[in-house]
Amino acid sequence: MNIGDFAFLIPLLPALAFVITLFFGKRLYSGGALIPIGAIGASFIISLLITINILQNPDQVIHQSVHWFAIFNLGILIDPLAAVMLTMVSFVSLLIHIYAIGYMEHDPAKPRYFAETSLFTAAMLGVVLSDNILQMFIFWELVGLCSYLLIGFWYQKPSAAAAAKKAFLTTRVGDVMFLAGIIILFASLFQAFHGEVPEGVYLLQFSEMFNHIDALAAMNATILGMEVSHLTIIALLFFGGAIGKSGQFPLHVWLPDAMEGPTTVSALIHAATMVTAGVYLVARTFPMFLSAPDALIIVAYLGGFTALFAATMGLVMNDIKRVLAYSTVSQLGYMVLGLGMGAVVGLEAIGVSMFHLINHAFFKALLFLCAGSVIHAIGTQDMRQMGGLLKAMPITAGTMLVASLALAGFGIPGTSIGTSGFFSKDAIIETAFVFGEYSHDWIPYIFAILAALLTSIYIFRLFFMTFTGKSRNNAKAHEAPSIMTVPLLILAVFSLVFGALTLKPFIAFMERTFDNNVISLNIEHLATLGNYDLVLEHGPEPLFILWLPVIVAVAGLLISYLLYYKQVIDVSKVVSRENPVYKLLYNRYYQHKIFTELLATRIVYELISLSADYFDRKFIDTIVDGIGKITMSAGNFMRKIQTGVVQNYVAAVVAGVGLLIILFRLIVEVI
Amino acid sequence: MEDILLLAPEIILAVTALVVLVAGLYLKTEHKVALGFISVAGIIMAIALTMSIMLAKTSASMFYDTMVIDPLSQVFKLVFLSVALLVSIASVKYVSEDRNTEEFFALLLLAIIGMMVVSSSNDLITLFLGFELAGLATYALVGFEKKNIKVLEASMKYFIIGAVSSAFLLFGMSYVYGMTGTTNIPGIAANAHLLVDNPIGIVAIVMLIAGFGYKMSLVPFHMWAPDTYQGAPSVISALLAGASKKMGFIAAFKVIIVALIALNAEWQTIFAVLAVITMTLGNVVALSQDSVKRMLAYSSVAQAGYISMAFVVLTPTALAGGILYILSHAFMKAGAFIAVAIVGFMILVGNKDARDTDHIDNFRGLSKRMPITAFALMVFLLALAGIPATAGFVSKFVLFSSTIEAGLVWLAVIAILNSAISLFYYARVIKYMYFMPTEGGRITEPAPYAIAMILALVAVLVIGIWPEPFIYWASEAANVLLI
Amino acid sequence: MAGIIDSYIPVAIILVVAIIMPFITMFIVNVLSPRSSGETKFDTYESGSDPTGEARIQFKVEYYLYAISFVIFDVAVLFMFPWSVVFVGYDIAALLTIELLIFITVLLFGFVYLWKKEGLQWEK
Amino acid sequence: MIGLEHYLILSAIIFSIGLYGLMTLNNGIRLMMCIELMLNAAIINLVAFSAYSHDITGQVFALFVIALAAAEAAIGLAIMLAIYRIRDDIELNEINILRW
């Protein structure tokens, strides 16, 4: 019995747990939380064993497939890429589920919560191990549906229901693009086969797709007078799907609002499931991007821009979860940027990007769970009302510090000392440097390095505002129960050491994704199809470049320290002299407001952050809302045509017949 | 004589209808539930027979080539019979306290016979007769609650527009007959060159499109549909959207694709225009509806636009996709309307004189009050929006990809954009059901309604998860159209 | 040709008479009838009770039901006409008889239903 | 000599009268009369084509349509009657609860 034979259980067990918890959860301990935990734990063990197997023998990836209908199949493909993802998703999800026993303790709707998160995890695992893109899309939509249910979990809050709808519909925009990509891909492949598909060949399998890249690359379509390769269209439509799910600009608008759900759900969405699906999709179909002209460059630019843009947004948020949300968007931007670097470094890009994805999952889950712990303790999400929690919650503060250091990327270059974020983020930044060096296009690198500075500032701003200074809240904070702190500690350990242990072997392992017994591709050939010049060997970067990310991170820490801990500029005194009552009531609150408005806005915010924020709120939101409003009012106008008087309906029929006869006549004339 | 046995399903239904009608005279109102069971039994027998004929892949023509049996006819008969089964099961509850139960079931069965005759017809005469039989029976069914002015208004509009359209249809047919000298469909196809370049031919085709377009509810012949679907009893709306509309498609397939294939260049363009207008108007207007039934009606208009794409693309895959879509839509829409009927029942339990039972406010917190119905309705709505693992996704996928394959990318893009819009109004109902608080208590669904709804749910999911046999039969049916 | 026209002469005469006749009778009435004038002259009924309501009365609803039933059965009989034409010419009399019997049976069902539903009762 | 085209023109005129009436009249019964006009126009077509092409099919079709027209009238009248019983008139342009 091979462990691979149990692969189908990985998504199946959490799915079964969903059913059981939904129906019997009420009668069980803690809303039946143990069932999903057991199921996901089992999935994790299977995934881990499979990963170890593949690690030992990367040539023997697991591929199983059964006929579904027509020329489609259902199947499982676990190669290095999928194996790593599966392990990460099940592991992080497991920890979050354990934590949720404590976090959701007082919620009456626990069974529903655990059922839905279990299904959410199952769907994400399904996305990861699909061997064909259609099946992947099905699970992809299921992920979206679950996120809808979970973000709107506290539906008594109107804002939660609205956020759920926004998330669902915004990601749907991406999904529609994804579906369009699949349909075009299918039609093109069908054409490549001249409509005669041999028995047992399933067009939408990844292996089959990659085998016919040459045929696809030969197909061109004319759009607005430009010759565009079918492959580019398909790749960019897939990327559209990724933009929606992974919260890239301009479809990132749903992510910050998705904070309306329970914090554990946010952790699940931001760390393990959902948002990583988009990055995974691009990594999974990377050969198509590599052989599509211009596609990777667009990916790189969009990723870089998102990383910087979201980081500026993170600076001005006062809601602790919103800061983290923008941080996620920014870090996802890094991952996408990393993938885009494949234009120069080839498959190494996947390794770098996925490595950051895994590490990010650890420390972002940790950040969210810590934030959840804080919120659980003092009952607010507003950082202006926090402060001084260091003493009350030492474990949370400690783990949060670890996570912040990891996010900011602290470490010593040239050694194996450093947080996981240091190794993975700096790897992306270095790749961006290589990209700049060889293509003389420095914009991605500049984006990346600026975003790193801002990342460090906003995350320590969060840390100092939350844990240091005086308490600004009457609630008596207390450390969370051990069911919550143990997952924190586990994640903290991973955030600290995982990066150091595994960088080089990880990248090599990832490269085997497209070189094994199922999928074996000639990467250089694909890159020539896409007009990319690959640089497979790039030497050690200059010392300054190696140190720059760390210098930037330390600089960010210092700026935050000075502004938020030492408060070198204390504006509150100016205010208090004018209005003592105000000082009494809103001392700290006001200080921060003034600080933001007077000082920071003059330097950074007004120029970048606020205009970005403004742009985001006014422009993007207006466009998204505006399209909705225009269609709505069009609907409102057009429904009035339906007068309700039957004679008018007859008139419409007659008019229709008349117009059709004229149209028909015209067609006859033309033909 | 052997041929007659191939029409056994129709004969069984006819006998059942007569038996129900007469038996109803001698039963007391409280015993009339039995009539529902008789009808259901008759329909199940008819389904079994139709299926056995279909699986044997029988092809035959009878009555001097006015009726044919082939995969196409059998597939459509199964669509009609399945919807009839759902509707009649649900109606066991709906008409349980009515003294005219026998009329209801007899009319339902007659309507189905009419639709089955259309799907088997090979001659304009039989086609028109079947069309009208189904039409007449449904006019009466829509107006079944004859004390309710809304129902009567729905019935009146349906009747007037229906009668006008059948006049158009007949007028068009008379021209086709006059030009080609025959009413036999293959005969017309053989003589269709006589219609080309003839002004009367143009008028005839447009009138035929108008006549069928009314049943298919293509814009601008759709105006009756929202009013009628909204006003009619929900189970009858299920019948109209699930079966009666599909009869328009099979009739149009037969007359326009088979008989008038020689003029395909012209009517393909016309259908392209109609399809785009229909799906866009349907989806956009559906956005701002507060009555769920009316929203479903507009969604049904939009879906007719998608299905009409099959006329434009006209490849075997596209037609198979269209037929598969027809099959899936029958279950999705019928199921959705039955779910709305259950909600209506729930509201009426709470307040006997409640009006507008299908108003969206009544769906608040449905997941608390009737979890099964809420879940089923959610699945139906998601299926209508084309979310994967449901019937709606598979059929949309086949239809849209065949459109792109045929090079009509612009049409596919419009359709995909439209299906993106459609999610907005479906999501709204789901939001009301799952994310809105309610004061009402929990209510158990009446068994007949629940059975019908769950059957539809199973069908939607089965087609979505294991579409292989359905696609196979849809392609078999499509092959009949394009010989 | 002349023969055909000849055979229509009686018809022509009747037509002429029919056209002239009303005028003649109206003229005779006009000459013969006595005349009086007064307010009561314009009443609907010169003697008896005063009329109430409008002169245009509506038919009882039952009248429509009767008329509808009549039309339906009346038209159904129409189908026996082609049947009887075919009956003589072909050698399938047995089959045709069975077919017509089925047709009439179905009609009978309708009739029984109408009867039992008291559709034929004038006063309910 | 009266040719086929005369019948066709006649039927087209009758059909149009019916359509015009449907769009302009309000009384339900009149609307139904207009519908009958339209159906009868089609019947004229059928019979005319049948007679001029010496093919009996058209007349058979016409026979069926006559029966159908009667049934249609019956159902239409029933609906109008039911409306009349509730509203006391059948001015169809005033019946527009269901709209938009």
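These questions and answers look at chain B, the nonpolar core and one chain contact in a predicted model.

Q: What makes chain B as compact as a globular protein of its length?
A: Compare two radii. The radius of gyration of chain B is 21 Å, and the globule rule gives 23 Å for 483 residues. The values are close, so chain B is as compact as a globular protein of that length. Its C-alpha atoms fill a box of roughly 65 × 55 × 40 Å along the principal axes. Chain B holds 20 helices and two strands.

Q: How do you know how much of chain B counts as buried?
A: A residue is buried if 20 or more other C-beta atoms lie within 10 Å of its own. Of the 483 residues of chain B, 71% count as buried.

Q: What is the largest nonpolar core called a core for?
A: The term needs buried residues of the nonpolar kinds listed for it, joined through C-beta atoms within 7 Å. The largest such set has 514 residues. A:Ala365, B:Ile112 and B:Ile338 have the most contacts inside it. Helix α14 of chain B, residues 316–350, gives the most to this core, with 22 residues.

Q: Which residues is B:Ile338 in contact with, leaving aside neighbours within four places in sequence?
A: Contact takes C-beta atoms within 7 Å. Among the partners of B:Ile338 are B:Leu86, B:Ala90, B:Val235, B:Tyr449 and B:Met453.

Q: How do you know that chain D touches chain A?
A: Nine residues of chain D are in contact with eleven residues of chain A. On the chain D side, six are nonpolar, two polar and one charged.

How values were computed
Residues are numbered from 1 along each chain as its sequence is written. Chains are lettered from A and ligands numbered from 1 in the order in which they are written. This is a predicted model: local features need pLDDT of at least 70, side-chain atom pairs count only at pLDDT 80 or more; totals for chains, interfaces and linings use all residues. A residue is buried if 20 or more other C-beta atoms lie within 10 Å of its own, exposed if 12 or fewer, and partly exposed in between; C-beta atoms are placed from the backbone. Helices (H or I, at least four residues) and strands (E, at least two) are DSSP runs, numbered from the N terminus. Two residues are in contact if their C-beta atoms, placed from the backbone, lie within 7 Å. Ala, Val, Leu, Ile, Met, Phe, Trp, Tyr, Cys and Pro count as nonpolar, Asp, Glu, Lys and Arg as charged, and the others, Gly among them, as polar. The radius of gyration is taken over C-alpha atoms; the globule rule is 2.2 Å times the number of residues to the power 0.38.
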